[in-house]
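Hi there,

I'm handing over the structure we talked about, and you'll find it just below. After it come my notes on what turned up.

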Amino acid sequence: MAQTDIIAPQGTAADWTIAQDWASYTTQDHAMWDRLFARQTQMLPGRAVPEFLEGLDILRMTKPGIPDFAELSDRLMQRTGWQVIAVPGLVPDKVFFDHLANRRFVAGRFIRQPDQMDYLQEPDVFHDVFGHVPLLANPVFADYMQAYGQGGLRADALGSIEQLARLYWYTVEFGLIRQDDGLKLYGAGIVSSHGESEFALDDPSPNRLGFDLQRLMRTRYRIDDYQQSYFVIDSFEQLLRMTAETDFAPLYAQLEGLPDIETDTILPTDRVFHRGTQDHATRKKEE
Ligand code: HBI
Ligand code: FE
């Protein structure tokens, strides 16, 4: 995202936050949340990492209707010191990183319309809150998100946001994790999507590859369709350790000399959990 539009729009605070104005949601808005919530909570047991489902309970997100950010923040604050604050839509990278570095998660306040059940251009409150917030109740994941924000501010200074954004994309948004009983979902973009929560885990099309920081930072990603490759971590501790303890500056310098990796490529050095057929992407291209 361009960093020229750093001045907050009118009616928005300098840090881009707005009031959630929970009272102004309509009955239809709450009903849309409930519909999406029911669909996903039916889908996710056994597929999502247990910490995600536990987060829904811990934060009482099982209560019907769009969550009130103030109430949610109270619970989250007690648990891990995070807050949820409302923004009008996508915010500039630097603003986004600064909030994360201070343990504030920014969330859209609007909810999708009935004709957008399955596809959205900008993150709405269901993606942001249902998808992202439950894991913020997990102390290790909560620390990872903060470390990512701090890393973002450093990457911004080094001109390497693109590389760091790939880390976010392939972990926070579209990450898979390996457990004793198989792969599980934890990425917010997956768990908030009905189609992708099936596709990412069960479809033969996409690659499922072991997480490797440098490799992942070279890998392009798709914003228009399901991912062609997913990356599998061993644990949230691995993610936190790597992000908090690695000096990314030499890594960025190394990456400058290396070409990007396409979204469907498998390298000889990859740890392959599943070699994708890429049928889904091929089919889409032929359409
Ligand atoms: N703004 N509201 C919002 N939500 C995001 O996820 C977001 C953003 N701005 C920038 C941004 N993400 C990117 O910097 C990250 O995906 C890396
Ligand atoms: Fe997201």
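Let me start with a pair of strands: β3 (residues 176-179) and β4 are antiparallel and share 4 bridges. Within that pairing, I177 sits opposite K184 of β4. The two strands are linked by a hairpin, with 2 residues in between. Please keep in mind as you read on that this is a predicted model.

**The sheet**

Those strands belong to an open sheet of 5 strands with mixed pairing, ordered β4-β3-β6-β5-β7. At its edges lie β4 (182-185) and β7 (272-274), each of which pairs on one side only. Ignoring direction, neighbouring strands here are turned by 35° against each other on average.

Going along the sheet from β3, the next partner is β6 (residues 229-233), which runs parallel to β3 and is joined to it by 2 bridges. I177 turns up again here, with I233 as its bridge partner in β6. So that residue is a handy one to click on if you want to see both sides of β3: K184 faces it in β4, and I233 in β6.

Further along, β5 and β6 pair in the parallel sense, over 4 bridges. Then β5 (residues 207-210) meets β7 in an antiparallel pairing with 2 bridges. R208 is a useful marker in this part of the sheet, standing opposite Y230 in β6 and opposite H274 in β7. L209 has V272 of β7 opposite it. As general background, strands of a sheet pair through backbone hydrogen bonds, either parallel or antiparallel.

**Helix packing around α6**

Which way does α6 run relative to α11, and relative to α7? Taking α11 to begin with, helix α6 (residues 139-158) and helix α11 (residues 236-245) pack at about 25°, with axes 9 Å apart. An angle under 35 degrees counts as roughly parallel, which is why α6 is described as roughly parallel to α11. The crossing of α6 past α11 is left-handed. On the α6 side, the contact is made by V140, F141, D143, Y144, A147, Y148 and G151, and on the α11 side by F236, E237, L239, L240, T243 and A244. By class, the residues of this contact are 9 nonpolar, 2 polar and 2 charged.

With α7 the picture is this: the axes of α6 and α7 cross at roughly 160° and come within 9 Å. Angles over 145 degrees count as roughly antiparallel, and therefore α6 and α7 are roughly antiparallel to each other. This crossing, too, is left-handed. Here Y148, G151, G152, A155 and D156 of α6 meet I161, L164 and Y168 of α7. The contact of α6 with α7 has 5 nonpolar, 2 polar and 1 charged residues. Y148 and G151 are worth a look, as they are listed in the contact with α11 and also in the one with α7.

**The ligand**

Finally, the part you may want to open in your viewer: ligand 1 has 10 residues around it, and L90, D93, F96, A165 and Y168 come nearest. Two helices, α4 (93-101) and α7 (161-173), each supply at least two residues of this shell. The shell consists of 9 nonpolar residues, no polar ones and 1 charged. Y168 links this section to the previous one: it is among the nearest residues to ligand 1 and takes part in the contact of α7 with α6.

Happy browsing, and best wishes!

Methods: Residues numbered from 1 in each chain as written. Chains lettered and ligands numbered in written order. Predicted model: local features only at pLDDT ≥ 70, side-chain atom pairs only at ≥ 80, totals over all residues. Near = placed C-beta within 6 Å. Nonpolar A, V, L, I, M, F, W, Y, C, P; charged D, E, K, R; others polar. Axes fitted to C-alpha atoms, helices over the stretch in contact; angles between N-to-C directions. Parallel < 35°, antiparallel > 145°, perpendicular 65-115°, else oblique. Left-handed = near helix turned anticlockwise from the far one by under 90°. Contact = placed C-beta atoms within 7 Å. Pairing = 2+ DSSP bridges.
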